Amino acid sequence: MTAHPGTGDPRWARPALWGVLALAAVLYCWALGRNGHANDYYSAAILSGTRSWKAFFFGALDAGSFITVDKPPLALWVMGLSARVFGFGTWSMLLPQALAGVAAVGVVHSAVRRALPGTPGHAAGLVAALVMTLTPITVAINRDNNPDTVLVLLLVLAAWCCQEAIRAGRTRLLVLSAVLVGLAFNTKMLQAYLVLPPLALVHLAAAPGTVPRRLVRLLGAGAALVVSSAWWMVIVDLWPAASRPYIGGSTDNSVWDLVVGYNGLGRIFGGGFGGPGGGFGGASGAGRLFNDVMAGQISWLLPFAVIALVAGVALTARRPLSGARPALLLWGGWLAVHYVVFSFSRGTFHPYYSTAMAPAVAALTGIGGVLMWRARRRAGIWAWALPVGIAVTGAWSFAVLRRTPDFVPWLAWTVAGTAVAAVIGLLAARLGRAPRRRLAVVTLAAALVAGLAGPAAYAVTPLGSAVNGTNPTAGPGGGGFGGIRGPGMVPDGRPQGFSAGRPRGGPGGVVDQKMIVYLRARLGQATWLVAVGGAQSASSIILSTGLPAIAMGGFTGGDPAMTVDRLKGLLASGRLRYLLPGEDRGGPDGGGSAVAGWARANCAVVAPAEYGGVQQGRSLYDCGTVATESWARSRSRTVNRSVGQW
């Protein structure tokens with residue numbers, strides 16, 4: 001086989017890699033403009049960050065910095081900086097996400113290529129890159145503005161650095177790996193730490209040097225991890241609470257509570273630990289990732305990845321613990337930890353969380369697949385691993401495709417046929433009944449079709465419609481919820497109470513535009529246009545007007561961010577005048593019944609007839625009279641004190 005002059009790489013290696021990266025760019029960027037604001041919640045925070053550096057730093061939902069989003073702000077910073085440079089819009093917000101997805105494909109290719117020497121490494125890297133590119137849920141999330149895309153990029157960079165630290169014994173690379181995990185923590189908190197067990201254990205087992213030296217390196221990396229993870233949290237929690245936004249998702253206005261509760265134990269054990277309740281990915285359990293909601297998103301090659309892991313470790317067992325085996329153990333540990341956590345967590349679980357599994361599935365498929373291919377003509381049990389893996393993959397793909405028989409109805413039978421052809425080709429090669437080279441090419445092509453045709457068909461669907469920003473998926477029905485029904489979903493696959501790509505209507509959804517016109521005309525010197533129950537309404541108002549709006553109850557509608565005393569202070573200062581309490585995403589009334597009760601007792605109801613709107617089931621309150629009276633009383637007390645002193 002001819003090699004590229006100067007590098008020794010196969011001549012096909014670079015063009016093939018660029019082809020895969022170009023395919024990834026098309027899948028992630030095509031018609032990106034039709035996605036609008038994607039997830040309105042994060043879009044509102046990005047827009048607010050372009051209006052206020054304070055809101056930018058804290059990750060506040062509104063430019064007035066009343067409350068933050070329920071995640072740390074690193075992913076918002078990436079999109080926010082782009083929006084500040086190029087102006088806020090769909091492309092300036094979503095293109096960095098798409099490019100991060102393409103970069104993650106390239107990093108996975110590089111990590112896998114380095115695990116095997118020579119041509120096998122290039123082949124394994126190319127397979128891994130192609131699998132990563134065509135993972136349906138990865139395509140969907142890379143066209144959205146949720147933080148998972150940036151999370152995955154940072155984590156695969158961390159894995160690359162750890163692999164190189166194991167191969168070369170470089171402490172700096174291990175420290176850099178830890179720093180990258182810390183940055184990932186500031187993207188999505190504790191989910192970033194799911195990769196730590198395999199990274200640390202494989203380094204401890206396989207890195208050069210004595211065990212004490214490896215431990216010292218790990219301690220140094222641990223210190224770097226703590227600093228890179230905690231710096232933003234420490235700054236925010238030490239900042240005087242009165243001069244910063246409330247920490248959305250927390251129960252006590254601290255980032256620490258958000259880490260441990262809502263974005264920590266609450267995700268594992270459910271709402272009783274401060275996390276959001278309900279699941280979008282089906283019931284928890286060992287089969288969650290294979291149910292009707294999840295199977296088409298991530299599970300296509302999961303059985304093959306497990307077979308590849310076991311066979312790959314067995315085939316390299318007699319070699320030193322270097323090269324392919326540490327990589328197999330690292331990516332295998334990554335996959336195992338994510339599988340356990342995602343399958344059995346009882347808190348909120350969105351299908352797009354599983355995009356974090358795609359790098360491990362891709363790497364194991366590439367490395368293990370090449371090792372099994374090279375062993376296909378050997379004697380022994382592991383020569384049968386590849387035929388078994390292809391047969392299992394073909395059977396599972398057939399089963400997934402037949403769950404939606406109206407979606408490309410011929411594809412399931414094509415996948416089954418090519419899987420059978422690939423298995424027959426492998427058996428014929430063992431018996432020596434056909435020309436080797438020609439048979440190898442045909443067998444390899446059939447195996448790739450059997451393994452990738454199903455996910456590829458799902459992967460192209462998000463390009464045909466606007467993404468459902470709240471919960472993007474791929475598959476039949478396009479880029480929304482894919483038309484696949486799961487528990488708590490309406491017939492088109494959307495969770496009950498949500499409209500595709502927009503905040504839900506009704507009491508807590510999109511606010512009457514005539515009311516918005518009325519409020520804008522009376523904004524005056526106030527900071528916030530209105531205070532509403534929760535983030536769904538507030539996000540809609542912020543994006544439609546460009547003006548700050550308060551989400552009293554945060555994302556869930558139940559955050560205790562607004563109290564009666566705080567409300568009185570905002571009214572007295574003139575920074576707020578109008579109040580629209582009510583249900584939003586299931587919260588009681590955005591800050592508790594006390595706030596709504598106080599508004600009913602002390603503020604004037606604005607009749608819908610005043611702004612030409614209709615009754616929505618919740619009332620708009622004008623608290624300007626309360627603010628004026630409060631100011632007058634405060635002024636009177638000041639004058640009386642001055643007279644008394646005189």
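**Figure 1. Arg-114, a partly exposed partner in a salt bridge.** In this predicted model, Arg-114 has a relative accessible area of 34%, which makes this residue partly exposed. Its partner is Glu-164, and the closest N and O atoms of the pair are 3.1 Å apart. Arg-114 sits in the loop between helix 5 (90-113) and helix 6 (118-134), while Glu-164 belongs to helix 8 (residues 148-168), so the salt bridge ties together parts that are 50 residues apart in sequence. Glu-164 itself is buried, at a relative accessible area of 6%.

**Figure 2. Lys-188 and Asp-148 paired by a salt bridge.** Here the closest N and O atoms are 2.7 Å apart. Lys-188 comes from helix 9 (residues 171-188) and Asp-148 from helix 8, so this contact ties together parts that are 40 residues apart in sequence. Have a look at the surroundings, too: Lys-188 and Asp-148 are both buried.

**Figure 3. Asp-622 meets Arg-577.** The two side chains form a salt bridge, at 2.8 Å from N to O. Asp-622 is part of strand 5 (residues 620-622), and Arg-577 lies in the loop between helix 22 (564-573) and strand 3 (578-580), so the pair ties together parts that are 45 residues apart in sequence. With 14% relative accessibility, Asp-622 counts as buried, whereas Arg-577 is partly exposed, with a relative accessible area of 32%.

**Figure 4. A network of shared partners.** Arg-114, Glu-164 and Arg-167 are joined into one network by salt bridges that share partners. For the wider picture, a search of the whole structure finds six salt bridges.

Definitions and conventions: Residues numbered from 1 in each chain as written. Predicted model: local features only at pLDDT ≥ 70, side-chain atom pairs only at ≥ 80, totals over all residues. Heavy atoms only, no water. Salt bridge = Lys/Arg side-chain N within 4 Å of Asp/Glu carboxyl O. Helix = DSSP H or I, 4+ residues; strand = E, 2+ residues; numbered from the N terminus. Buried < 20%, exposed > 50% of the residue type's maximum accessible area, 1.4 Å probe, protein only.
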